[in-house]
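User: I would like to go through this structure by question and answer. Keep the replies short and end each one on the result.

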Amino acid sequence: MKSYITDTRNRAILSKDMKIIELLDVDYRLLSIFQRLDIQLPYGDISVEEMCDRYDMSIELFLMICRVYIESDYRPEVERLKVQDLSHLLKYLRASHQYYLESLIPRIARGIEQVLQLCEKSQRAILQRFYSGYVDDVKAHLRYEENQMFPYVESIIESGIVDQVKMGDFVDNHTDICDKIDDIKSIVIKYLPESCSTQQRCDLLFDIFALREELAKHTMLEMTILAPVVINSEFGRL
């Protein structure tokens, strides 16, 4: 039995009054949000509002992040957010970068090595080279955000002063790093020989699909919450 309230489309209605345990019943993957925001267990019987008060976090922002993850057609309405609310989003995005670089991407690399053990040398070289190039693209993308975009947003949060308009340029330079992962997925599904272990191939594909979904949600958070709030601040204060 569901512990939460649903709408006419049988989708969970997220609210500040929900208990944390109810929120996690909606989608267990939301645990990653708590982890990356450094929200500590146990949660007891507290509500979303009480948890956000405890961590000095915007309720609206927290629920927006959750909805991005569980509703494929959700588009945040950010008018009520202030640029100062974004400090927790930056924390989340940086923790996501760390997870990709230190856990998920190396795990996929190990999976590729395992699944290619029985492949011919030329087949191994093609997929390894393709994935290595993709990882270089992802790392460059994340470095750009860490060294350029995030510090700019932090400077506005800390000073409350906007003396230039830069977020539009960041958006224009924000490359799509999801497409190439689809090519890797296709290679693993369609072209590796039958001698490659099906179990290892499936384990690898689970991680590839997870990375694809993670990067898509990550981009949505940046393009539909982070960027619009900053742009509103830029044009509201200049």
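User: How does the span of H6 from its first C-alpha to its last compare with the one expected at 1.5 Å a residue?

Analyst: This is a predicted model. H6 has 39 residues. At 1.5 Å a residue, 57 Å is expected. The span from the first C-alpha to the last is close to that, at 56 Å.

User: Where does H6 bend, and by how much?

Analyst: H6 covers residues 121–159. Its bend is at Glu 145. The angle there is about 35 degrees.

User: Which residue follows H6, and what is the sign of its phi?

Analyst: The last residue of H6 is 159. Gly 160 comes after the helix. Its phi is near 70 degrees, so the sign is positive.

User: Is H5 roughly parallel or antiparallel to H6?

Analyst: The axes of H5 (residues 86–115) and H6 come within 11 Å. They cross at roughly 170 degrees. Angles over 145 count as roughly antiparallel. H5 is therefore, relative to H6, roughly antiparallel.

User: Which class of residue has what count in the contact of H5 with H6?

Analyst: Three classes are counted in this contact: nonpolar, polar and charged. Six residues are charged and three are polar. The nonpolar count is 18.

User: Is His 141 buried or exposed, and what does it contact?

Analyst: His 141 sits in helix H6. Its relative accessibility is 7%, and under 20% counts as buried, so His 141 is buried. Setting aside neighbours within four places in sequence, its contacts are His 174, Thr 175 and Ile 177.

User: Which residues does Met 167 touch, beyond those up to four places away in sequence?

Analyst: Met 167 is in helix H7, residues 167–172. Its relative accessible area is 0%, so Met 167 is buried. Residues up to four places away are not counted here. Those it touches are Met 149, Tyr 152, Val 153, Ala 227, Val 230, Ile 231 and Glu 234.

User: How far is Met 167 from Met 57, C-alpha to C-alpha?

Analyst: The two residues are 110 residues apart along the chain. In space, their C-alpha atoms are separated by 23 Å.

User: What separates Gln 200 from Gly 111 in space, and which residues does Gln 200 contact?

Analyst: Gln 200 belongs to helix H9, residues 198–237. With a relative accessible area of 28%, Gln 200 is partly exposed. Gly 111 is 89 residues away in sequence, but 7.0 Å away C-alpha to C-alpha. Leaving out neighbours within four places in sequence, the contacts of Gln 200 are Gln 114 and Val 115.

User: How far apart in space are Ala 109 and Arg 75?

Analyst: Ala 109 lies in helix H5. It is partly exposed, at 29% relative accessible area. Arg 75 is 34 residues from Ala 109 in sequence. Their C-alpha to C-alpha distance is 33 Å.

User: How many of the residues of H4 are buried, and does the helix span agree or disagree with what its length predicts?

Analyst: The twelve residues of H4 should span 16 Å at 1.5 Å a residue. The end C-alpha atoms are 17 Å apart, which agrees. The buried residues include Ile 59, Phe 62, Cys 66 and Tyr 69. H4 is mostly covered, and its buried count is nine of twelve.

User: What is the phi of Asp 56, and where is the residue placed?

Analyst: Asp 56 is exposed, with 66% relative accessible area. Its phi is positive although it is not a glycine, at about 50 degrees. The residue is in the loop between helix H3 (48–54) and helix H4 (59–70).

User: What is the phi of Asn 10?

Analyst: Asn 10 is in the segment before helix H1 (20–26). It is partly exposed, at 49% relative accessible area. Its phi is positive in a residue other than glycine, near 65 degrees.

User: How many helices and strands does the chain have, and what share of its residues count as buried?

Analyst: The chain has nine helices and zero strands. Its C-alpha atoms fill a box of roughly 60 × 50 × 30 Å along the principal axes. Of the contacts with a separation of 6 or more, 71% join residues 24 or more positions apart. Among the 238 residues, the buried share is 44%.

Note on methods: Residues are numbered from 1 along each chain as its sequence is written. This is a predicted model: local features need pLDDT of at least 70, side-chain atom pairs count only at pLDDT 80 or more; totals for chains, interfaces and linings use all residues. Side-chain values use heavy atoms; hydrogens and water are left out. Axes are lines fitted to C-alpha atoms, for helices over the stretch in contact, and angles run from 0 to 180 degrees between N-to-C directions. Helices (H or I, at least four residues) and strands (E, at least two) are DSSP runs, numbered from the N terminus. Angles under 35 degrees count as roughly parallel, over 145 as roughly antiparallel, 65 to 115 as roughly perpendicular and the rest as oblique. Ala, Val, Leu, Ile, Met, Phe, Trp, Tyr, Cys and Pro count as nonpolar, Asp, Glu, Lys and Arg as charged, and the others, Gly among them, as polar. The expected span of a helix is 1.5 Å times one less than its number of residues. The bend at a residue is the angle between axes fitted to the seven residues ending there and the seven starting there. Buried means under 20% relative accessible area, exposed over 50%, partly exposed in between (1.4 Å probe, protein chains only). Contact means heavy atoms within 4.5 Å.
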